[in-house]
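Q: I am new to this structure and would like a close look at a single part of it: the surroundings of the ligand. Could you walk me through that part and how it sits in the protein as a whole?

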Amino acid sequence: MDCFEVIGGTPLQGEVEVAGSKNGTLPLMAAALLSNESSQLDGVPALRDIHTLAELLSSLGLNTRFVAQSLQLVPSGQDLWQAPYDLVRRMRASVCVLGPLLARTGHASVPLPGGCVLGVRPIDLHLRGMESLGAKVDLAEGCVLATAPKGGLPGGEVDLSGPRGSTVLGTANVLMAATLAKGESVLRGAACEPEIVVLIDFLNSAGAQIEGGGTATLRVQGVDEIHGLKGNVPPDRIEAGTLLLAAAMTRGHVKLTRCPVPQLQALLDTLELAGVPLERGSDWVRVHAEGAIFRNPVIQTAPYPGYPTDLQAQWMAFATQAEGTTLIREGIYPERFLHAAELVRLGAQIEVSDGSARVHGPTRLSGAPVLASDLRASAALVLAGLVAEGKTVVKRVYHLDRGYERLEEKLSSLGASVRRVVDEMGP
Ligand code: EPU
């Protein structure tokens, strides 16, 4: 098992390009199940989650092939509709094969993905959505079994709003099913995240008829078939945000290119409130934080265009370097604070209670071995290691490899001392 050795204390400097988006690519891959034609996605990041979904799609009769940064998805002509538990349990996003399988074959059997370190993570909104489109949904032996009426899903009125706003993958899932429905569907309370807008653009280019992308109401006129999906996946707003926070907290000077600037509005505004000097263009951002003193704006994570939950842990690492007490409220996953205890091992002063954290700063962090609990928590620990005195060893970086492409190489190219090594001590 690999770990990262990070020696802190070097301000990041230089220029780096943002990779393709993990959460943008996953639904596009699942959407390739909707078509009888081949799909090709370009600029796909080399990530563990992408490979896991590719394996799952192959098991469902969609042959996948990586050629450099392109992913080809070629239908084998077999109408397989039972997703194997061994693959689904590895990644929650696997649930988004439910909608396309149901729409194309009339059946889908997908094991319940289960909880994860972010909390219980139900899929009730996905299932309610499929029922509203006319499917029969049963739960048995840990599996969801969804069946369309003879002749296909009729389509219908769907409400996707849950206790914490909409659901991103739930919106993708129901939208994909509605694409091939017999009639019109209206999805209310839909997620407005950029990843949904990208999915809609790709589907419409392939012949789907979907209106309202980027708003909470989507109108879908079902079509009999769509072509293969083709195009470039967009840059990853969460990788971009992570790199900007790394540049800021090391008081570095970094230009980020191929940067999805409009999608980062909430982060960029909050960085400016915190006193981080920034310049931005249409697709680049420059942080020049040499000698900056950081303030402590309140962070409240929320659905897009609010501050993203996937950048909460990284902000917590940043907040250890800000003056005073930073309040962080988690509005999407109230239990997403496992990174706090590990940051405390590095010397951070953090209290967590009732879905909020208070970070008292600035603190001089000092290197130590720490355990990554999930993808974004791992990134936060690496960021903290970049400013800690001495050596931080971040264990279980397989979490990080799920969603960051060669982060150690990107940070090293900016002058950081980050090395991937085999963890001799074990997990
Ligand atoms: N929820 C329900 N019922 C449902 C679905 C969701 O109550 O049926 C709740 C969740 O428990 C949560 C909230 O609704 O409180 C939002 O969850 P959502 O369904 O939007 O999350 P997701 O679609 O499963 C995606 C990203 C996550 C990201 C969230 C929120 C992918 C593959 N995953 O998950 O990304 O945190 O949206 O923005 O797109 C990550 O990349 O590290 C990651 C966890």
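A: Let us begin with a term: contact here means heavy atoms within 4.5 Å. The model you are looking at is a predicted one.

With that in hand, start from the overall layout. The protein is divided into domain 1 (2-19 + 235-422) and domain 2 (22-232). Taken over C-alpha atoms, the centres of these two domains are 31 Å apart. Where they meet, 23 residues of domain 1 are in contact with 17 residues of domain 2. Between them, domain 1 and domain 2 bury about 1900 Å², and 51% of that area is on carbon and sulfur atoms.

Now to the ligand. Both domains take part in its surroundings: domain 1 and domain 2 each give at least three residues to the shell around the ligand. There are 24 residues around the ligand, and those that come nearest are Asp124, Thr167, Leu169, Asp310 and Ile332. Sorted by class, the shell holds 11 nonpolar, 8 charged and 5 polar residues.

Some of the polar contacts are worth finding on your screen. Asp310, one of the residues that come nearest, has a polar side-chain atom 2.7 Å from an oxygen atom of the ligand. Leu125 takes part through its backbone instead, with a polar atom there 2.8 Å from a ligand oxygen. Pro122 also uses its backbone: an N or O atom of its main chain lies 3.3 Å from an oxygen atom of the ligand. As for how covered the ligand is, it exposes 820 Å² when taken alone, and the protein buries 92% of that. The elements giving two or more residues to this shell are α1 (22-31), α5 (124-132), α6 (168-179) and α12 (375-387).

Before you leave, here are a few backbone details elsewhere in the chain. The peptide bond joining Tyr304 and Pro305 is cis, with omega about 10°. You can find Pro305 in the loop between β17 (299-300) and α10 (312-319). Another cis peptide bond runs from Gly361 to Pro362, where omega is near -5°. Pro362 belongs to the loop between β20 (356-361) and β21 (369-371). Finally, look at Arg251, in the loop between α8 (237-249) and β14 (253-257). Arg251 is not a glycine, yet its phi is positive, near 55°.

Terms used
Residues are numbered from 1 along each chain as its sequence is written. This is a predicted model: local features need pLDDT of at least 70, side-chain atom pairs count only at pLDDT 80 or more; totals for chains, interfaces and linings use all residues. Side-chain values use heavy atoms; hydrogens and water are left out. A residue is near a molecule or strand if one of its heavy atoms lies within 4 Å of it. A polar contact is a pair of N or O atoms within 3.5 Å; within protein, one must be able to donate a hydrogen and the other to accept it, and residues adjacent in sequence count only if both atoms are side-chain atoms. Accessible areas come from the Shrake-Rupley method with a 1.4 Å probe; for residues, only the protein chains shown count as cover. Helices (H or I, at least four residues) and strands (E, at least two) are DSSP runs, numbered from the N terminus. Ala, Val, Leu, Ile, Met, Phe, Trp, Tyr, Cys and Pro count as nonpolar, Asp, Glu, Lys and Arg as charged, and the others, Gly among them, as polar. Domain bounds come from an automatic or database domain assignment. Buried area is the accessible area (1.4 Å probe) that two parts lose on being put together, summed over both.
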